[in-house]
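Me: I would like to go through a protein model step by step, with each term explained as it comes up. Could you show me the sequence and structure to begin with?

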Amino acid sequence: MTEGYGRFRLGRRGLIAGAAGLILPGLAEAAAPQARLSAARGETRLTLPIGPGIAWRVSATLRPARLVIELPNQRWRGPDRLAGAGLVTEARREGSGGTQTLILALAGPVAAPEVAVARGQLVIRLRPGPAEGFSRIAHGRPLATAALPPRGTLPLVMLDAGHGGRDPGTIGGQGTHEKRITLAAALELKRQLEAAGRCRVALTRGRDVFIPLGSRVEMARRREAALFLSLHADSAPGARGASVYTLSETATDSLAARLAQRENQADRNGGLRLPSVSPEVQRILLSLIRQETRSGSERMARLVVDSLEDRVALLPNTHRRAGFVVLKAPDVPAALVEMGFLSNPQDEAALNRASHRAQVATALAEAIHGFLGTSGALVAAG
């Protein structure tokens with residue numbers, strides 16, 4: 001089961017079913033990997049901090065003799081090369097963006113590596129082994145990998161492409177319609193998330209149609225989504241850069257208030273299905289559910305900011321709060337991402353480039369994986 005997702009879901013269902021009243025721990029944030037190689041007493045050890053929600057796979061190749069650690073959807077901070085130690089002559093990083101691979105060049109054959117995950121670290125231990133034994137395991141197939149829950153139990157992420165149909169959203173100086181940018185970005189993010197296989201993905205709209213704001217919220221609630229992420233590219237004179245918003249009835253600043261007012265064209269609040277208990281207990285349950293939901297939304301926003309940083313231009317005070325209708329589901333963590341402002345010529349030009357939208361999607365996928373989290377358990381590899 002996914003760790004962070006499981007915590008939230010158990011909390012929500014526990015509250016509704018039996019008013020357990022647990023204030024559950026927050027979701028772990030993704031770590032930035034900085035590998036370490038060491039050798040002692042005939043053993044060579046690779047220690048690699050691994051973020052929650054990050055898939056990984058360990059395999060070996062024969063010619064040349066090496067160990068390959070694949071880290072899709074994880075940013076890399078640290079040196080691209082590590083000095084050798086013991087059985088490893090050199091370690092180097094390959095790939096870019098959210099697709100990373102760490103390659104360990106081996107001095108000779110090794111026994112089947114011991115692989116474990118503990119305290120947020122992937123630890124691989126190597127010892128010398130016979131050439132015949134190494135040739136049996138060095139076939140490129142996984143020796144160990146992060147465990148994936150069964151497909152039907154994967155958490156659902158609802159992506160909301162803002163505007164659509166008769167509502168074009170903002171129209172940039174070069175004639176760019178916001179509804180087209182948000183749909184293209186949502187489709188790219190969906191593609192990246194599904195390729196990683198850590199969650200299921202649904203869209204509030206997959207084509208150019210108009211959907212009321214309340215209906216978008218209800219889609220996420222009806223399907224019990226683990227996360228609702230709304231994508232926009234609005235207008236704000238003088239503003240440039242990406243930003244993220246979470247729900248607050250009191251806006252943090254005038255810009256957040258104006259954006260919320262522009263987006264809020266409809267407001268339909270559906271009721272929670274609470275148990276048959278007294279009105280006082282129902283009020284307590286609703287308060288606890290909203291508190292847990294808001295905590296998850298705030299954590300998601302922080303992950304988005306961390307992931308976008310150093311990749312795209314950011315609006316100052318990047319995380320802001322306002323009363324966006326699409327963020328008002330009481331039981332689904334939600335965030336709204338302004339990928340940039342079409343009123344700014346530089347942002348408009350960037351958002352029209354598929355490569356830039358893919359970069360934004362990679363950052364958002366990383367944040368989503370960090371939010372959902374995984375236990376990082378091992379599975380047997382044949």
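Me: In which crossing, left-handed or right-handed, does H3 pass H8?

Reply: This is a predicted model, in which local features need pLDDT of at least 70 and side-chain atom pairs count only at pLDDT 80 or more, while totals for chains, interfaces and linings use all residues. Residues are numbered from 1 along each chain as its sequence is written, and side-chain values use heavy atoms, with hydrogens and water left out. Helices (DSSP runs of H or I, at least four residues) and strands (runs of E, at least two) are numbered from the N terminus. A crossing is left-handed if the near helix is turned anticlockwise from the far one by less than a right angle, and right-handed if clockwise; the crossing of H3 with H8 is right-handed.

Me: Why is H3 described as oblique to H8?

Reply: The axes, which are lines fitted to C-alpha atoms over the stretch in contact, with angles from 0 to 180 degrees between N-to-C directions, come within 9 Å for H3 and H8 and cross at roughly 50°. Angles under 35 degrees count as roughly parallel, over 145 as roughly antiparallel, 65 to 115 as roughly perpendicular and the rest as oblique. The angle between H3 and H8 therefore makes the pair oblique.

Me: Which helix gives the most to the largest nonpolar core?

Reply: A nonpolar core is a set of buried (under 20% relative accessible area, where exposed is over 50% and partly exposed lies in between, with a 1.4 Å probe and protein chains only) Ala, Val, Leu, Ile, Met, Phe, Trp, Tyr and Cys residues joined through side-chain atoms within 4.5 Å. The largest one here has 39 residues, and those with the most contacts inside it are Leu189, Leu229, Met300 and Ile368. Among the elements that each supply at least two residues are H3 (178-196), H6 (279-308) and H8 (354-372). The most, nine residues, comes from H8.

Me: Is alanine 65 buried or partly exposed?

Reply: Alanine 65 lies in the loop between strand S3 (57-61) and strand S4 (66-72), and, leaving aside its neighbours within four places in sequence, alanine 65 is in contact (heavy atoms within 4.5 Å) with Leu104, Ala105, Leu106 and Phe134. Because its relative accessibility is 21%, alanine 65 counts as partly exposed.

Me: How many of the 10 residues of helix H4 are buried?

Reply: Helix H4 covers residues 213-222 and is largely enclosed by the rest of the structure. Its buried residues include Leu213, Arg216 and Met219. The number buried is nine.
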